[in-house]
Amino acid sequence: MFVQASARGAYAYDEHGRRYIDYIMGYGPLLFGHTHPALVADLDTLAASGWIWGTTHPEEIRLAERIRNYLPAMERMRFTSTGTEAVMGAVRVARASTRRSIVVKFAGNYHGHSDLALFDAGASAHTDDASRSGIPYGVTQDVIVARYNDLDDLDAKMNGREGDIAAILVEPIVGNMGYVTPVPGFLAGLRARADRVGALLVFDEVITWLRLGLHGASAIVGITPDLVTVGKILGGGAPIAAFGGRAEVMAELAPAGRVFTGGTHAGNPVSVGMAHRVLDLLESHPHYYPQMETLAERLASGIRSLFADRALPYAVVQHASIVDFKFRAGEPNRNYDDARRADKELYRRYYDAMLARGILLPPSQNEVMFLSVAHAEGDIDATLVAIGESLDEIFTS
Ligand SMILES: Cc1ncc(COP(=O)(O)O)c(C=O)c1O
(Lines give C-alpha, C1' and ligand atoms only; values in the text may rest on other atoms or scores of the structure.)
Protein backbone atom coordinates (compact mmCIF):
# COMPACT_ATOMS: atom_id res chain seq x y z
CA MET A 1 0.00 0.00 0.00
CA PHE A 2 1.24 3.47 -0.89
CA VAL A 3 1.66 5.67 2.18
CA GLN A 4 2.79 9.18 1.38
CA ALA A 5 5.47 10.93 3.42
CA SER A 6 6.03 14.13 1.45
CA ALA A 7 5.62 15.87 -1.88
CA ARG A 8 7.44 18.37 -4.04
CA GLY A 9 6.59 19.78 -7.45
CA ALA A 10 5.20 16.97 -9.60
CA TYR A 11 6.37 14.27 -7.22
CA ALA A 12 5.02 12.36 -4.27
CA TYR A 13 7.37 10.47 -1.92
CA ASP A 14 6.49 7.39 0.09
CA GLU A 15 7.63 6.57 3.62
CA HIS A 16 10.78 4.93 2.27
CA GLY A 17 11.75 8.07 0.35
CA ARG A 18 10.84 6.58 -3.05
CA ARG A 19 9.75 9.14 -5.65
CA TYR A 20 6.57 8.86 -7.74
CA ILE A 21 5.36 11.07 -10.58
CA ASP A 22 2.03 12.20 -9.20
CA TYR A 23 -1.08 12.36 -11.39
CA ILE A 24 -3.55 12.56 -8.50
CA MET A 25 -2.50 16.13 -7.73
CA GLY A 26 -4.66 16.22 -4.61
CA TYR A 27 -7.66 15.14 -6.76
CA GLY A 28 -7.48 18.33 -8.74
CA PRO A 29 -6.46 21.33 -6.64
CA LEU A 30 -2.74 21.22 -7.40
CA LEU A 31 -2.70 22.98 -10.76
CA PHE A 32 0.77 24.27 -9.89
CA GLY A 33 2.13 21.02 -8.44
CA HIS A 34 2.75 20.46 -4.75
CA THR A 35 5.06 23.23 -3.65
CA HIS A 36 5.01 26.10 -6.12
CA PRO A 37 7.19 28.79 -4.48
CA ALA A 38 4.65 31.54 -5.17
CA LEU A 39 2.09 29.62 -3.13
CA VAL A 40 4.13 28.19 -0.27
CA ALA A 41 6.70 30.96 0.32
CA ASP A 42 6.17 33.18 3.36
CA LEU A 43 3.02 31.40 4.46
CA ASP A 44 3.52 32.97 7.86
CA THR A 45 2.72 36.39 6.38
CA LEU A 46 -0.75 35.09 5.53
CA ALA A 47 -1.31 34.00 9.11
CA ALA A 48 0.44 36.98 10.71
CA SER A 49 -2.83 38.71 11.51
CA GLY A 50 -4.58 35.57 12.67
CA TRP A 51 -5.98 32.49 11.00
CA ILE A 52 -9.70 32.70 11.69
CA TRP A 53 -11.65 35.84 12.38
CA GLY A 54 -15.25 34.77 11.89
CA THR A 55 -15.94 38.20 10.38
CA THR A 56 -16.15 39.60 6.89
CA HIS A 57 -12.96 41.22 5.67
CA PRO A 58 -11.90 43.31 2.66
CA GLU A 59 -9.78 40.58 1.08
CA GLU A 60 -12.78 38.24 1.13
CA ILE A 61 -14.86 40.84 -0.71
CA ARG A 62 -12.01 41.51 -3.14
CA LEU A 63 -11.75 37.76 -3.79
CA ALA A 64 -15.47 37.53 -4.54
CA GLU A 65 -15.09 40.38 -7.02
CA ARG A 66 -12.15 38.67 -8.70
CA ILE A 67 -14.09 35.41 -9.02
CA ARG A 68 -17.11 37.23 -10.42
CA ASN A 69 -14.87 38.75 -13.11
CA TYR A 70 -14.35 35.26 -14.46
CA LEU A 71 -17.71 33.72 -13.54
CA PRO A 72 -20.24 36.51 -14.07
CA ALA A 73 -23.09 34.13 -13.20
CA MET A 74 -21.88 34.38 -9.59
CA GLU A 75 -23.40 37.81 -9.05
CA ARG A 76 -23.28 37.18 -5.32
CA MET A 77 -21.45 34.41 -3.55
CA ARG A 78 -20.65 32.86 -0.22
CA PHE A 79 -17.43 31.13 0.76
CA THR A 80 -17.29 27.69 2.31
CA SER A 81 -14.37 25.43 3.15
CA THR A 82 -15.17 22.49 0.86
CA GLY A 83 -16.93 21.70 -2.38
CA THR A 84 -19.33 19.48 -0.45
CA GLU A 85 -20.52 22.46 1.57
CA ALA A 86 -20.69 24.67 -1.50
CA VAL A 87 -23.08 22.23 -3.17
CA MET A 88 -25.10 21.86 0.04
CA GLY A 89 -25.44 25.65 0.17
CA ALA A 90 -26.43 25.94 -3.48
CA VAL A 91 -29.07 23.23 -3.10
CA ARG A 92 -30.52 24.79 0.03
CA VAL A 93 -30.74 28.22 -1.59
CA ALA A 94 -32.37 26.67 -4.66
CA ARG A 95 -34.92 24.86 -2.50
CA ALA A 96 -35.71 28.01 -0.54
CA SER A 97 -35.98 30.16 -3.61
CA THR A 98 -38.30 27.76 -5.45
CA ARG A 99 -40.12 26.52 -2.31
CA ARG A 100 -39.64 23.02 -3.71
CA SER A 101 -37.66 19.97 -2.63
CA ILE A 102 -36.61 17.72 -5.48
CA VAL A 103 -33.08 17.85 -6.84
CA VAL A 104 -32.36 16.30 -10.23
CA LYS A 105 -28.83 14.99 -10.59
CA PHE A 106 -26.94 12.76 -13.00
CA ALA A 107 -25.43 9.34 -12.44
CA GLY A 108 -21.66 9.44 -12.36
CA ASN A 109 -21.46 13.10 -11.41
CA TYR A 110 -19.91 13.71 -7.99
CA HIS A 111 -20.98 16.62 -5.83
CA GLY A 112 -19.35 15.80 -2.50
CA HIS A 113 -20.60 13.51 0.22
CA SER A 114 -23.81 15.07 1.50
CA ASP A 115 -26.75 12.63 1.57
CA LEU A 116 -28.48 13.68 -1.62
CA ALA A 117 -25.27 14.08 -3.58
CA LEU A 118 -24.28 10.47 -3.14
CA PHE A 119 -26.97 8.77 -5.19
CA ASP A 120 -25.30 6.97 -8.06
CA ALA A 121 -22.31 9.25 -7.60
CA GLY A 122 -19.11 8.91 -9.57
CA ALA A 123 -15.53 9.38 -8.34
CA SER A 124 -14.76 6.86 -5.60
CA ALA A 125 -18.24 6.90 -4.06
CA HIS A 126 -19.93 3.56 -3.37
CA THR A 127 -23.63 4.11 -2.80
CA ASP A 128 -25.47 1.76 -5.08
CA ASP A 129 -27.83 0.84 -2.27
CA ALA A 130 -28.87 4.01 -0.45
CA SER A 131 -30.62 2.12 2.34
CA ARG A 132 -27.33 0.49 3.32
CA SER A 133 -25.22 3.59 2.80
CA GLY A 134 -26.38 5.61 5.79
CA ILE A 135 -28.68 7.79 3.70
CA PRO A 136 -32.11 8.37 5.29
CA TYR A 137 -35.13 7.07 3.39
CA GLY A 138 -36.69 10.55 3.34
CA VAL A 139 -33.78 11.90 1.32
CA THR A 140 -34.35 9.30 -1.38
CA GLN A 141 -37.79 10.79 -2.00
CA ASP A 142 -36.38 14.15 -2.99
CA VAL A 143 -33.74 13.10 -5.51
CA ILE A 144 -34.14 12.17 -9.16
CA VAL A 145 -31.12 10.55 -10.79
CA ALA A 146 -31.02 10.72 -14.59
CA ARG A 147 -28.51 9.56 -17.21
CA TYR A 148 -25.97 12.20 -18.23
CA ASN A 149 -26.14 13.17 -21.90
CA ASP A 150 -29.63 11.70 -22.25
CA LEU A 151 -32.51 14.20 -22.34
CA ASP A 152 -35.07 11.45 -23.05
CA ASP A 153 -34.11 9.66 -19.87
CA LEU A 154 -34.28 12.97 -18.01
CA ASP A 155 -37.77 13.71 -19.35
CA ALA A 156 -38.96 10.24 -18.39
CA LYS A 157 -37.59 10.62 -14.85
CA MET A 158 -39.00 14.14 -14.40
CA ASN A 159 -42.40 13.20 -15.80
CA GLY A 160 -45.20 14.05 -13.38
CA ARG A 161 -42.88 15.62 -10.81
CA GLU A 162 -41.94 18.79 -12.73
CA GLY A 163 -43.73 21.11 -10.32
CA ASP A 164 -41.68 19.81 -7.37
CA ILE A 165 -38.24 20.23 -8.87
CA ALA A 166 -36.07 22.84 -7.17
CA ALA A 167 -32.80 22.32 -8.99
CA ILE A 168 -31.08 20.53 -11.82
CA LEU A 169 -27.58 19.91 -10.53
CA VAL A 170 -24.86 18.94 -12.99
CA GLU A 171 -21.16 18.89 -13.67
CA PRO A 172 -21.31 20.73 -17.02
CA ILE A 173 -18.18 18.85 -18.07
CA VAL A 174 -17.71 15.78 -15.93
CA GLY A 175 -14.48 14.73 -14.24
CA ASN A 176 -15.84 11.99 -12.02
CA MET A 177 -16.79 9.13 -14.37
CA GLY A 178 -13.72 9.59 -16.43
CA TYR A 179 -13.66 12.78 -18.44
CA VAL A 180 -17.03 13.20 -20.12
CA THR A 181 -18.09 16.11 -22.29
CA PRO A 182 -21.71 17.04 -22.91
CA VAL A 183 -23.15 16.03 -26.28
CA PRO A 184 -24.40 18.99 -28.35
CA GLY A 185 -27.71 20.24 -27.00
CA PHE A 186 -27.55 18.44 -23.64
CA LEU A 187 -26.79 21.44 -21.45
CA ALA A 188 -29.03 23.73 -23.52
CA GLY A 189 -31.70 21.08 -22.92
CA LEU A 190 -31.13 21.32 -19.17
CA ARG A 191 -31.34 25.11 -19.32
CA ALA A 192 -34.60 24.92 -21.27
CA ARG A 193 -36.12 22.34 -18.90
CA ALA A 194 -35.11 24.28 -15.80
CA ASP A 195 -36.76 27.39 -17.25
CA ARG A 196 -39.86 25.48 -18.32
CA VAL A 197 -40.51 23.83 -14.94
CA GLY A 198 -39.34 26.79 -12.83
CA ALA A 199 -36.27 25.06 -11.38
CA LEU A 200 -32.76 26.45 -11.01
CA LEU A 201 -29.84 25.17 -13.05
CA VAL A 202 -26.78 24.57 -10.86
CA PHE A 203 -23.36 24.06 -12.46
CA ASP A 204 -20.89 22.27 -10.22
CA GLU A 205 -17.54 23.65 -11.37
CA VAL A 206 -15.57 22.41 -8.37
CA ILE A 207 -13.22 20.50 -10.70
CA THR A 208 -13.55 22.46 -13.91
CA TRP A 209 -13.18 26.08 -12.82
CA LEU A 210 -9.50 27.06 -13.21
CA ARG A 211 -8.66 23.55 -14.46
CA LEU A 212 -10.17 24.28 -17.88
CA GLY A 213 -9.22 27.96 -17.82
CA LEU A 214 -10.00 31.14 -15.92
CA HIS A 215 -13.58 31.13 -17.16
CA GLY A 216 -14.19 27.47 -16.41
CA ALA A 217 -16.60 25.10 -18.13
CA SER A 218 -19.42 27.68 -18.14
CA ALA A 219 -17.65 29.73 -20.80
CA ILE A 220 -16.72 26.66 -22.82
CA VAL A 221 -20.27 25.33 -22.97
CA GLY A 222 -21.80 28.78 -23.41
CA ILE A 223 -24.73 28.19 -21.06
CA THR A 224 -25.48 30.45 -18.11
CA PRO A 225 -26.53 28.63 -14.94
CA ASP A 226 -28.50 30.15 -12.05
CA LEU A 227 -26.04 28.95 -9.44
CA VAL A 228 -22.41 27.83 -9.60
CA THR A 229 -20.12 26.02 -7.18
CA VAL A 230 -16.32 26.29 -7.22
CA GLY A 231 -13.52 24.93 -5.03
CA LYS A 232 -10.41 22.76 -5.35
CA ILE A 233 -7.86 24.86 -7.33
CA LEU A 234 -9.22 28.10 -5.86
CA GLY A 235 -7.23 27.59 -2.64
CA GLY A 236 -4.10 26.15 -4.26
CA GLY A 237 -4.25 23.44 -1.61
CA ALA A 238 -5.88 25.46 1.18
CA PRO A 239 -9.51 24.60 1.94
CA ILE A 240 -11.78 27.13 0.31
CA ALA A 241 -14.79 26.82 -1.98
CA ALA A 242 -17.80 28.97 -2.82
CA PHE A 243 -21.31 28.93 -4.18
CA GLY A 244 -23.05 31.82 -5.80
CA GLY A 245 -25.41 32.93 -8.48
CA ARG A 246 -28.21 35.28 -9.36
CA ALA A 247 -28.52 38.10 -6.86
CA GLU A 248 -32.21 37.58 -6.16
CA VAL A 249 -31.68 33.88 -5.52
CA MET A 250 -28.69 34.49 -3.23
CA ALA A 251 -30.80 37.09 -1.38
CA GLU A 252 -32.48 34.09 0.28
CA LEU A 253 -29.35 33.69 2.41
CA ALA A 254 -29.29 34.86 6.02
CA PRO A 255 -28.97 37.39 7.46
CA ALA A 256 -31.09 39.10 4.77
CA GLY A 257 -33.08 35.94 4.03
CA ARG A 258 -34.02 32.79 5.90
CA VAL A 259 -31.49 30.31 4.56
CA PHE A 260 -28.70 29.58 6.98
CA THR A 261 -25.33 28.27 5.87
CA GLY A 262 -22.22 28.60 7.96
CA GLY A 263 -18.79 27.26 8.68
CA THR A 264 -16.25 28.12 11.34
CA HIS A 265 -13.44 28.10 8.80
CA ALA A 266 -15.35 29.61 5.87
CA GLY A 267 -13.69 32.66 4.35
CA ASN A 268 -10.77 32.59 6.78
CA PRO A 269 -8.03 35.08 5.86
CA VAL A 270 -5.38 32.41 5.24
CA SER A 271 -7.46 30.45 2.71
CA VAL A 272 -8.61 33.70 1.12
CA GLY A 273 -4.98 34.86 0.93
CA MET A 274 -4.04 31.59 -0.77
CA ALA A 275 -6.86 32.05 -3.28
CA HIS A 276 -5.52 35.51 -4.16
CA ARG A 277 -2.08 33.96 -4.68
CA VAL A 278 -3.62 31.39 -7.05
CA LEU A 279 -5.35 34.05 -9.14
CA ASP A 280 -2.24 36.28 -9.09
CA LEU A 281 -0.17 33.39 -10.36
CA LEU A 282 -2.55 32.52 -13.17
CA GLU A 283 -3.01 36.14 -14.23
CA SER A 284 0.74 36.80 -14.30
CA HIS A 285 1.60 33.53 -16.10
CA PRO A 286 -0.71 33.32 -19.11
CA HIS A 287 1.60 30.70 -20.62
CA TYR A 288 0.74 28.19 -17.88
CA TYR A 289 -2.42 26.90 -19.57
CA PRO A 290 -0.84 26.37 -23.01
CA GLN A 291 2.23 24.85 -21.33
CA MET A 292 0.10 22.26 -19.49
CA GLU A 293 -1.99 21.61 -22.57
CA THR A 294 1.13 20.86 -24.66
CA LEU A 295 2.31 18.37 -22.05
CA ALA A 296 -1.12 16.77 -21.82
CA GLU A 297 -1.23 16.39 -25.61
CA ARG A 298 2.21 14.75 -25.49
CA LEU A 299 0.98 12.28 -22.88
CA ALA A 300 -2.31 11.59 -24.67
CA SER A 301 -0.75 11.06 -28.08
CA GLY A 302 1.96 8.87 -26.53
CA ILE A 303 -0.69 6.67 -24.90
CA ARG A 304 -2.61 6.49 -28.20
CA SER A 305 0.57 5.20 -29.92
CA LEU A 306 1.16 2.64 -27.18
CA PHE A 307 -2.41 1.38 -27.63
CA ALA A 308 -2.09 1.34 -31.43
CA ASP A 309 1.20 -0.63 -31.25
CA ARG A 310 -0.55 -3.26 -29.13
CA ALA A 311 -3.88 -3.16 -31.01
CA LEU A 312 -5.68 -2.17 -27.80
CA PRO A 313 -9.14 -0.68 -28.46
CA TYR A 314 -9.18 2.05 -25.81
CA ALA A 315 -10.01 5.71 -26.47
CA VAL A 316 -7.80 8.40 -24.95
CA VAL A 317 -9.40 11.70 -23.97
CA GLN A 318 -7.46 14.90 -23.37
CA HIS A 319 -8.68 18.39 -22.60
CA ALA A 320 -6.53 21.17 -21.11
CA SER A 321 -4.39 19.47 -18.41
CA ILE A 322 -6.61 16.39 -18.07
CA VAL A 323 -5.79 13.04 -19.66
CA ASP A 324 -8.01 10.01 -19.38
CA PHE A 325 -8.61 6.53 -20.75
CA LYS A 326 -10.60 3.56 -19.57
CA PHE A 327 -10.17 -0.16 -20.00
CA ARG A 328 -13.29 -0.37 -22.14
CA ALA A 329 -13.34 -0.79 -25.91
CA GLY A 330 -15.03 1.82 -28.05
CA GLU A 331 -15.80 5.52 -27.87
CA PRO A 332 -15.01 7.59 -24.75
CA ASN A 333 -17.52 7.46 -21.89
CA ARG A 334 -20.76 9.38 -22.49
CA ASN A 335 -22.48 8.41 -19.25
CA TYR A 336 -22.13 6.32 -16.12
CA ASP A 337 -23.35 3.14 -17.83
CA ASP A 338 -20.31 3.38 -20.09
CA ALA A 339 -18.03 4.13 -17.14
CA ARG A 340 -19.32 1.09 -15.24
CA ARG A 341 -18.47 -1.21 -18.13
CA ALA A 342 -14.75 -0.44 -17.82
CA ASP A 343 -12.72 -3.42 -16.61
CA LYS A 344 -11.98 -2.83 -12.92
CA GLU A 345 -9.68 -5.78 -12.46
CA LEU A 346 -7.49 -4.68 -15.38
CA TYR A 347 -7.28 -1.18 -13.91
CA ARG A 348 -6.33 -2.57 -10.50
CA ARG A 349 -3.45 -4.49 -12.06
CA TYR A 350 -2.45 -1.50 -14.19
CA TYR A 351 -2.49 0.74 -11.11
CA ASP A 352 -0.17 -1.66 -9.25
CA ALA A 353 2.13 -2.06 -12.26
CA MET A 354 2.41 1.73 -12.62
CA LEU A 355 2.98 2.21 -8.88
CA ALA A 356 5.80 -0.33 -9.02
CA ARG A 357 7.35 1.84 -11.78
CA GLY A 358 7.11 5.06 -9.77
CA ILE A 359 3.88 6.49 -11.20
CA LEU A 360 1.07 7.47 -8.83
CA LEU A 361 -2.39 7.21 -10.39
CA PRO A 362 -5.81 7.70 -8.83
CA PRO A 363 -6.92 4.37 -7.37
CA SER A 364 -10.39 4.55 -8.95
CA GLN A 365 -10.85 4.31 -12.70
CA ASN A 366 -13.62 6.93 -12.43
CA GLU A 367 -10.97 9.55 -11.72
CA VAL A 368 -8.76 11.20 -14.33
CA MET A 369 -5.04 12.05 -14.59
CA PHE A 370 -4.34 15.66 -13.63
CA LEU A 371 -1.20 17.35 -14.93
CA SER A 372 0.27 20.49 -13.44
CA VAL A 373 2.63 23.35 -14.12
CA ALA A 374 5.28 21.31 -12.26
CA HIS A 375 5.20 18.34 -14.66
CA ALA A 376 7.97 18.41 -17.27
CA GLU A 377 8.52 16.69 -20.59
CA GLY A 378 10.89 14.24 -18.92
CA ASP A 379 8.10 13.21 -16.53
CA ILE A 380 5.73 12.60 -19.42
CA ASP A 381 8.28 10.54 -21.30
CA ALA A 382 9.12 8.48 -18.20
CA THR A 383 5.39 7.95 -17.67
CA LEU A 384 4.97 6.72 -21.24
CA VAL A 385 7.76 4.18 -20.77
CA ALA A 386 6.06 2.98 -17.59
CA ILE A 387 2.66 2.75 -19.32
CA GLY A 388 4.14 0.64 -22.14
CA GLU A 389 5.81 -1.73 -19.69
CA SER A 390 2.70 -1.91 -17.50
CA LEU A 391 0.45 -2.72 -20.46
CA ASP A 392 2.84 -5.48 -21.52
CA GLU A 393 2.84 -6.82 -17.97
CA ILE A 394 -0.92 -6.90 -17.51
CA PHE A 395 -1.73 -8.23 -20.97
CA THR A 396 0.86 -10.98 -20.99
CA SER A 397 0.61 -12.27 -17.42
C1 LIG B 1 -17.44 18.21 -9.10
C2 LIG B 1 -17.22 18.11 -7.63
N3 LIG B 1 -18.07 18.72 -6.79
C4 LIG B 1 -17.90 18.67 -5.45
C5 LIG B 1 -16.85 17.98 -4.90
C6 LIG B 1 -16.68 17.95 -3.41
O7 LIG B 1 -15.62 18.77 -3.04
P8 LIG B 1 -14.87 18.53 -1.65
O9 LIG B 1 -14.13 17.23 -1.77
O10 LIG B 1 -13.97 19.73 -1.52
O11 LIG B 1 -15.90 18.49 -0.58
C12 LIG B 1 -15.93 17.34 -5.74
C13 LIG B 1 -14.80 16.59 -5.16
O14 LIG B 1 -14.11 15.84 -5.81
C15 LIG B 1 -16.13 17.39 -7.14
O16 LIG B 1 -15.31 16.75 -7.98
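Let's start with helix 6 (residues 151-158), which lies across strand 5 (102-106), strand 6 and strand 7 (165-170), with contact meaning heavy atoms within 4.5 Å. Helix 6 runs at about 155 degrees to strand 6; axes here are lines fitted to C-alpha atoms, for helices over the stretch in contact, and angles run from 0 to 180 degrees between N-to-C directions. Helices (H or I, at least four residues) and strands (E, at least two) are DSSP runs, numbered from the N terminus. Bear in mind that this is a predicted model, where local features need pLDDT of at least 70 and side-chain atom pairs count only at pLDDT 80 or more, while totals for chains, interfaces and linings use all residues. Residues are numbered from 1 along each chain as its sequence is written, and side-chain values use heavy atoms, leaving out hydrogens and water.

Now for the sheet under that helix's strands. It is an open sheet of 7 strands in the order 4-10-9-8-7-5-6, with mixed pairing; two strands pair if DSSP finds at least two bridges between them. Strand 4 (76-80) and strand 6 (143-146) stand at the edges with a single partner strand each, so one side of each has no neighbour in the sheet. From one strand to the next, the twist averages 20 degrees. At the strand 4 edge, 5 bridges join strand 4 to strand 10 (residues 241-245), and the two run antiparallel. One of the residues involved is R78, whose bridge partner in strand 10 is F243.

Next, the inside. The largest nonpolar core has 38 residues, and L299 and Y350 touch the most other members. Such a core is a set of buried Ala, Val, Leu, Ile, Met, Phe, Trp, Tyr and Cys residues joined through side-chain atoms within 4.5 Å. Buried means under 20% relative accessible area, exposed over 50%, and partly exposed in between (1.4 Å probe, protein chains only). Helix 11 gives the most to this core, with 7 residues. Beyond its neighbours within four places in sequence, L299 is in contact with residues including Y23, V323, M369 and I387. Another core, of 35 residues, lies apart from that one, and L46, L210, L282 and Y289 are among its members.

Finally, a few backbone oddities. Most residues other than glycine have a negative phi, and most peptide bonds are trans. The bond from A254 to P255 is cis, with omega near 10 degrees, and P255 sits in the loop between helix 9 (247-250) and helix 10 (269-284). K232, in the loop between strand 9 (227-230) and strand 10, has a positive phi of about 40 degrees. A311 has a positive phi too, near 55 degrees, and counts as exposed because its relative accessibility is 67%.
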